[in-house]
Amino acid sequence: MAEWGSPWGAATPTLWGAGGSILPDPTFPMGVTGPDIVFFGESETGDWTELATNLSGYPSGDFTAGAGWIYVDPFDRAAGTGGTFSFEAVCRFNRDDVCHLMLWDDVYIRIDTQDIVVEAGGGAQTYTIESCSGAREVFLVTWSMEPNPLTTGAADLMRSEVWIYNYDDDAWEGFMWTHALATMSNAAELIVGASSIAGADAWVDEIYAVRIGRYFHASSENRTVFVEEPSTPTLHGVDRLEWPVPTSDSGLGNDGEFAGPVYAMAAKHTHSQDMRLHGPLVNVIGSGAWSDESTWTTPDHDDANYQLHLETLERVPVPPGCNRVHVRAHVQVNGTVRFKAWVGNGPGYLSKPAPTPAAITVDQTTVAVTVAAAHGTGDTGGQWIDLDVLFVEPDGDGYIYVVLLAFDFVPVSTWRWRAWNVEPLLDTTQDVIGGGGGFG
Amino acid sequence: MTFFRHWHQGVQSAQKPHVGPLVGGKLAKASRATAVMRAQDKPTALGRRIIGHQSLRGEHAWSVPDGNPTSGVLTHPPAGVLREVGRWRADVTPGHVLRLSALVIASGQTQGDIGASYIATGAQGALRVDATWTAQSAATTTRSRSVALPSSTQQFGAAPTHPWTAIKLVKIWVVEPASFSTHLEVATWTGHVGVDVTLSHIGGCRVVSAVLHEVPKELAREHDDDADLWTSHIFATPTVESQGPIIGWPFERLKDDGTDPRGGTMHLMDVAAAQGLRLGPQLISWTPWVESQATGVFDTEVLPVETASSSFVRLWDGAAVGYDEDEPGWSISSGAYARGYAENHTYWSRNEGSIPVVVAVYAGAEDLTDEGTVRVQAAPWSWVDVRILDRDPAWWLGYGHLRTGMGPGDTSLVQAFFRRDAGIGDIRVFGMSVYHAGQYAPTF
């Protein structure tokens, strides 16, 4: 059984809301003026008094503990009457329980035998929790609500996601739907573990932790906070994360305010924006053809054992700021095959029967990855191989050529590429070559 | 109406103004503020996003026959007939047009319809791009561009025995809206615009790889246009690198009367927000078309993948179920470069990343009563569902948040599934695009 996370322990950093919206409805309270996130409680034993204690770091007071629920009346700590909202709870239940998990004005989430029922904006959604059994098990239940960018009118102005994680089974489920703007009044009470302050529909079992917020939490974030924090990845090249700049409705850029901070933040923001248009350069799902049967090959000029396979050749534009690419491939092998990727900027390979190094302006192949396996010949099977990072220098039009190579080490092997992808990156310890290919 | 317009020519890299001179205790200089506004104009001019991609996908046999056409029987591709091989959708990066680059082998033999029979009409082929742009006002414009491919000089238009000796590069340098010259036209079609594109083979094409991608050209905005997000200032004219207007001291806007909104503190904040919402990667451009598809060189449209399964099966393998990290899929690692701050706060989202996306699926069904779902999944806890609700093929959209990880090196694997939710026939998927889309009202 995985342990549910204990994400708090330090004061919650201040956020500037969800980044603003240009959706036409003026009722979206994107300029949230109150605390953006409110935290309540942590208890290994599901103690309601402990759960009612505000651990958020905001001086906004505690909830009131009932006999098997907690509440605050009114819940006036989050400004506005609609817009974004999030609720997460670590709780225990089984398929016999019928009880409320949370209620605030006209939004609620409750368990009804094996179903979870969520209502917002006047329409209830019911979802049967597949991993809910007769056993009492601990679940993470998350609900995030945000404006629906694909809205066609008032009826689908908002969208919600509910994700459910069973700690005992290590199983995720989820569903999403659109709905009208929900009513979440500052004057209404918020109750966790019941549907009224008096304790109607009280929670049958334990609730261990609750987080209530006013901005959208993506499922990846909730998983990091409550289930498992991924280990630090070894990134190829730089990391980019948008630098926060308040939206103009914050008033920070108004006449009479200091201009300097805005200029400094905007300057910093541009540092994080240079690669945001970068996407995969090659993202191919193979057709299923067996590559060992290909005759569309030509030997690599550095090592004639390796054959370049035309059926994987691509010419792709290099976005400005990219000076390396990362190549991965999925291979299905029966025998022993060595794989490489080749990147070059010249058509040397493309015009000669016997390519020579002199015909190629700039090129590089990856270190070989050997796969010795018996993956079978079915429609499934195989493994991913990491062909590492390659230097790129685009041609005058801003393109590179990419192709996969193989050395059929045991010629009786059967093998094929089932997928391959090439991603751009920036290695700041190396030279940066311009992308080219514009209208200059 | 006052328009501001500049060319993106010559922008080869981002600009990163020094932050040091802008912090407290330093002398305020207009030139430093100008540098920030100029720098904010650069990210919008850096797009090379791949919108559409068609390749061999590992296949190594041409569908165009090498032999002599059979007299009176259609055995070779019909001359002049469009055969669609890919259909994609994108939210156009402001100020960008489209460009096609393709690697091809000499085209093969075609046949012509002479009424009751067919005759050989020579080795010939062409690639064609059809694009339809849709503005936020719902106005549309189209453009078709084609490029003739080199023809085989071998007997019966046969393919060369050793294709590595015969690869040719062809391009369609610009695919832009039909009317694209006046300030108003450029402002309309570089604003908040979506594009639907199809790529077609004509004749005996032998295409190794064709890539349709964005390329920056020019950008225009009307001064009080609030409907389109200003992802840049359009500070300098006529090019991004030109001399900009002189500013004496920081304004909210460059002119208080609102006729020149390009500069100033308000616009700095608006541009930062707009870039976060509006600029991002095109992540997946998928077509089920393969060189060996069942109808070979005769079908005029992509043969869809189909399922009647009531539970999710993999889009490219109806026998496979469930997200499986050991199986093939796409990568969207580089989408991590567009991670927004609010969604990826370093305190909560440590060592993890996700971005908002639109999943656009071109799909239909076999029967009028059929309904289905296409699911694009990036992790056991991260997916976006798209409902298919009609028989006739159409674009269906879903919005959600997909895990990207932290960037290349942090493995990302995306797989797609589909199922039939109701009805009696098959759900059919003809193509799919996945792209970044922040919290703004997209064109489609």
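Reader: Where in chain B does B:P238 lie?

Author: In this predicted model, B:P238 lies in the loop between β10 (218–222) and α3 (265–278) of chain B.

Reader: What makes the peptide bond from B:T237 to B:P238 cis?

Author: The peptide bond from B:T237 to B:P238 has an omega near 5 degrees, and it is cis. Chain A offers another case, since the bond from A:D73 to A:P74 is also cis, with omega near -5 degrees, and A:P74 is found in the loop between β3 (70–72) and β4 of chain A. Such bonds deserve a remark because most peptide bonds are trans.

Reader: Why is A:T113 called partly exposed?

Author: The relative accessibility of A:T113 is 35%, and partly exposed covers the range between under 20%, which is buried, and over 50%, which is exposed; A:T113 therefore counts as partly exposed. The residue sits in the loop between β6 (107–112) and β7 (115–120) of chain A, and its phi is near 50 degrees, a positive value in a residue other than glycine.

Reader: How do you know that B:F156 is partly exposed?

Author: The reasoning is the one used above: B:F156 has a relative accessible area of 30%, which falls between the limits of 20% and 50%, so B:F156 is partly exposed. Its phi is positive, about 60 degrees, although B:F156 is not a glycine, and its place is in the loop between β7 (140–148) and β8 (168–175) of chain B.

Reader: Why is the meeting of A:E229 and B:R350 called a salt bridge?

Author: The side chains of A:E229 and B:R350 come to 3.2 Å, N to O, and the rule asks for a side-chain nitrogen of Lys or Arg within 4 Å of a carboxyl oxygen of Asp or Glu, so the pair qualifies. Across the interface of chain A and chain B, the rule finds six salt bridges. On the side of chain A that touches chain B, helix α3 (residues 260–271) of chain A gives the most, with 10 residues.

Reader: How many residues does each chain bring to the contact?

Author: Chain A brings 138 residues and chain B brings 133 residues, and the area buried between the two chains is about 11400 Å², with 62% of it from carbon and sulfur atoms.

Reader: Which residues have the most contacts inside the largest nonpolar core?

Author: That core has 46 residues, and those with the most contacts inside it include A:F63, A:W143 and A:I116. Strand β4 (residues 85–93) of chain A contributes the largest share of this core, five residues.

Methods
Residues numbered from 1 in each chain as written. Chains lettered and ligands numbered in written order. Predicted model: local features only at pLDDT ≥ 70, side-chain atom pairs only at ≥ 80, totals over all residues. Heavy atoms only, no water. Contact = heavy atoms within 4.5 Å. Buried area = accessible area lost by both parts, 1.4 Å probe. Helix = DSSP H or I, 4+ residues; strand = E, 2+ residues; numbered from the N terminus. Core = buried A, V, L, I, M, F, W, Y, C linked by side-chain atoms within 4.5 Å. Buried < 20%, exposed > 50% of the residue type's maximum accessible area, 1.4 Å probe, protein only.
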